[in-house]
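Please open the structure in your viewer and keep the selection panel at hand. The stops below say what to select and what is found there.

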Amino acid sequence: MTAPVLEVENLQKHFPIHKGLLRRQAGSVRAVDGVSFAVRAGETLGLVGESGCGKSTVGRAVLKLIDPTGGRILLDGEDVTELNAAGMWARRRRAQIVFQDPYSSLNPRLSAGAIVGEPLENYGLASGREKTNRVAKLFERVGLRADFMRKFPHEFSGGQRQRLGIARALSVGPALIVADEPVSALDVSVQAQVLNLLIDLQEELGLGYLFISHDLAVMRHISHRIAVMYLGRIVELADKRALFTRPLHPYTEALLSAAPIPDPTRQRKKLVLQGDVPSPANPPKGCHFHTRCPYAIARCKVEDPVLREALPGHQVACLRREAGPDALPLPA
Amino acid sequence: MQRNQPAPLLEVDNLHCHFFTLDGVVRAVDGVSFSLQRGETLGIVGESGCGKSVTAMSILRLLPKGLGRIVDGSVKLEGRELTTLGDADMRSMRGHQVSMIFQEPMTSLNPVLTVGLQIAENVERHLNVGRKAAMERAVEMLRLVKIPDAERRVNDYPHQFSGGMRQRVMIAIALSCNPQVLIADEPTTALDVTIQAQILDLMLELKQKLNTAIIMITHDLGVIAETAQRVLVMYAGRKVEEAPVVELFQRPLHPYTQGLMRARPRLDVEAEEQGRRPRLQEIQGMVPALNRPILGCAFAPRCGYATDRCRSEAPGLTEPVPGHLVACWEATKIAGMGHA
């Protein structure tokens with residue numbers, strides 16, 4: 001098994017809440033509340049969850065685009081948690097990000113060639129003719145014509161812009177790419193093009209992907225392993241096959257059953273969750289999910305479940321998946 | 001097409017909507033016809049810019065004034081022509097006989113009015129009742145859309161509700177005067193998947209209860225499969241296919257519909273070939289610009305079946321299978337191949 005390109009241990013990110021005239025801190029939003037995982041070379045780890053679950057904050061914190069409140073981050077085996085901006089700058093050659101919105105993540109005043117070439121110059125990897133040649137190769141690699149280098153972002157379609165974002169991330173030769181909802185803003189027909197490109201690049205270059213998305217179908221397609229987040233915590237982490245065929249956490253089960261399936265003949269028993277996601281500023285005590293969980297028992301309201309291996313390679317944070325009198329029967 | 005069927009509730013015939021922009025005339029809707037029966041759910045599916053929302057907006061005559069307008073065609077509700085109706089008559093129609101809910105539950109409510117007032121406003125205007133009766137109706141509607149503690153919540157403002165709850169309020173407003181037609185434009189797209197399931201459940205339940213006909217506009221084939229009885233597929237301002245929902249999913253005839261269905265990864269099927277992730281079937285290229293005339297079939301440049309005829313002559317709708325319409329020169333051939 002290859003070494004992890006990214007390891008995260010007990011990552012936390014708390015955002016302060018200020019109140020009143022003096023902007024005194026009145027509490028904090030525990031956007032990420034103790035998350036651990038690893039991404040290996042050539043592997044896609046999917047991070048899935050609904051809005052506000054902290055998945056994007058995790059993506060930004062592992063690159064230290066925002067400073068984590070606690071925990072450890074290891075890039076290529078090196079602890080970068082305490083590095084300052086300059087130290088981090090050097091490491092970012094190895095870890096890049098692709099954003100969701102291909103409209104706001106490209107500088108409208110730079111030509112496409114300059115956007116993709118800028119990191120090469122920043123890191124002193126190439127300049128002049130050499131840079132132009134490498135940018136042209138990158139364009140070709142992501143499926144853009146080399147003569148598009150002279151165009152500006154507004155002249156590109158959404159899918160082409162996302163290709164530009166990918167080319168920019170690839171330019172410095174990263175080992176890890178954090179992809180934050182990279183296809184969510186795209187139409188279905190264009191989504192397929194970008195997903196295929198991402199998979200091709202991964203297989204060719206051995207990239208590790210931390211792939212963040214709310215879209216379960218996309219997740220099932222691109223990921224090798226998937227972590228499900230709810231209110232700042234990972235509630236389940238498993239191989240995608242295990243997760244989709246035998247979800248162990250009640251929240252995962254609900255997510256899977258809620259997603260609409262494009263098959264009108266299929267009769268599904270839906271587990272429709274009642275109520276909304278509670279506020280991350282004031283999450284429920286005990287298991288964060290107990291307020292909406294159909295299987296919750298008295299213990300769930302007071303005891304914090306720990307992410308544990310319930311089956312080989314299949315971790316879940318649920319009191320009712322622990323051995324004992326309260327254990328739910330394992331799904332077939 | 002509509003053999004042995006009662007007169008349709010809503011009939012859209014040869015609708016053309018153009019937008020007059022600095023870049024020329026954009027043919028957003030380019031000759032679309034369909035009908036809607038009482039109590040039926042009609043799905044309209046397509047990607048951004050295909051004209052599905054503009055079609056909906058033009059039924060209610062909500063196109064931005066001075067920019068877009070209906071240039072040809074007719075929209076009839078119970079035989080009454082809407083495209084030529086006076087502004088006052090149109091206003092008394094909107095929110096009464098025909099209502100609409102929008103994608104963005106955040107921006108489609110008035111932030112400075114309580115939700116109760118926003119429901120009551122519609123009721124007072126159309127049902128000719130006083131404030132007190134209208135507020136009672138508002139509470140009743142909030143209960144109907146399952147907002148807990150409705151008597152108290154009726155006095156709350158939109159910002160005090162979550163996204164899913166706001167969409168419930170929108171539905172309450174839209175249904176407050178028992179409309180015959182409810183147009184839902186991507187009603188769950190902005191919502192999380194567990195909330196989406198709640199709202200779709202609610203809409204289907206209310207439809208059963210109130211027998212409202214629904215036009216469900218979405219880009220999501222999953223939502224279509226779970227809600228619609230009949231489906232219309234749009235591409236570049238034109239209707240390319242129309243069929244009952246099961247028929248459409250089992251036997252899509254238009255290459256674009258087939259492409260859409262294959263391009264989307266499946267949630268319910270493990271897609272692996274010898275342990276590797278298979279390639280998704282892309283639809284090559286992109287949607288044509290609508291501000292230039294499209295010669296022939298709009299999908300031809302992206303279509304694997306396209307012939308010279310497709311590139312020069314626009315295909316009309318044919319009915320190779322009863323009840324299943326398709327606009328494709330090669331449809332008979334494609335149907336004969338017994339689609340995979």
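## Stop 1: Phe99 of chain A

Select Phe99(A) and display its surroundings: leaving aside neighbours within four places in sequence, Phe99(A) is in contact with Arg60(A), Ser105(A), Gln162(A), Arg168(A), Asp180(A) and Pro182(A), where contact means heavy atoms within 4.5 Å. This is a predicted model, in which local features need pLDDT of at least 70 and side-chain atom pairs count only at pLDDT 80 or more, while totals for chains, interfaces and linings use all residues. Residues are numbered from 1 along each chain as its sequence is written, chains are lettered from A and ligands numbered from 1 in the order in which they are written, and side-chain values use heavy atoms, with hydrogens and water left out.

Phe99(A) lies in the loop between β6 (95–98) and α3 (112–122) of chain A; helices (H or I, at least four residues) and strands (E, at least two) are DSSP runs, numbered from the N terminus. Next, add Asp180(A) to the selection: Phe99(A) and Asp180(A) are 81 residues apart in sequence, yet their C-alpha atoms are 5.2 Å apart in space. Is Phe99(A) buried or exposed? Phe99(A) counts as partly exposed because its relative accessibility is 25%; buried means under 20% relative accessible area, exposed over 50%, and partly exposed in between (1.4 Å probe, protein chains only).

## Stop 2: helix α1 of chain A

Now select residues 55–62 of chain A, which form helix α1; six of its eight residues are buried. Those to colour as buried are Lys55(A), Thr57(A), Val58(A), Gly59(A), Ala61(A) and Val62(A). An α-helix has 3.6 residues a turn, so residues three or four places apart point the same way.

Within this helix, focus on Thr57(A). Its relative accessible area is 14%, so Thr57(A) is buried. Apart from residues up to four places away in sequence, Thr57(A) touches Lys13(A), Phe15(A), Ala31(A), Val32(A) and Ile66(A). Just after α1(A), select Lys64(A), which takes a positive phi of about 55 degrees.

## Stop 3: chain A as a whole

Zoom out to chain A, which has nine helices and 12 strands. Along its principal axes, the C-alpha trace of chain A spans about 70 × 60 × 45 Å. The radius of gyration of chain A is 21 Å, which agrees with the value near 20 Å for a compact globule of 332 residues; this radius is taken over C-alpha atoms, and the globule rule is 2.2 Å times the number of residues to the power 0.38. Buried residues account for 54% of the 332 residues in chain A. Of the contacts in chain A between residues at least 6 apart in sequence, 63% join residues at least 24 apart.

## Stop 4: where chain A meets chain B

Show both chains. How many residues does each chain give to the contact? Chain A gives 48 residues and chain B gives 45 residues. About 4200 Å² is buried between chain A and chain B, with carbon and sulfur atoms giving 52% of that area; buried area is the accessible area (1.4 Å probe) that two parts lose on being put together, summed over both.

Four salt bridges are found across the interface of chain A and chain B, a salt bridge being a side-chain nitrogen of Lys or Arg within 4 Å of a carboxyl oxygen of Asp or Glu. For a view across the interface, select Asp200(A) and Arg279(B), whose side chains meet in a salt bridge (2.7 Å, N to O). On the side of chain A that touches chain B, the elements giving two or more residues are α6 (188–205), α7 (216–222), α8 (240–245) and α9 (250–258) of chain A. The largest share of that side, 11 residues, comes from α6(A).

## Stop 5: salt bridges within chain B

Over all chains, a search of the whole structure finds 42 salt bridges. In chain B, select Lys239(B) and Glu242(B), whose side chains meet in a salt bridge (2.5 Å, N to O). Lys239(B) is buried, with a relative accessible area of 8%, and Glu242(B) counts as buried at 6% relative accessibility.

Finally, move to Asp149(B), which forms a salt bridge with Arg152(B), the closest N and O atoms being 2.7 Å apart. Asp149(B) is partly exposed, with a relative accessible area of 40%.
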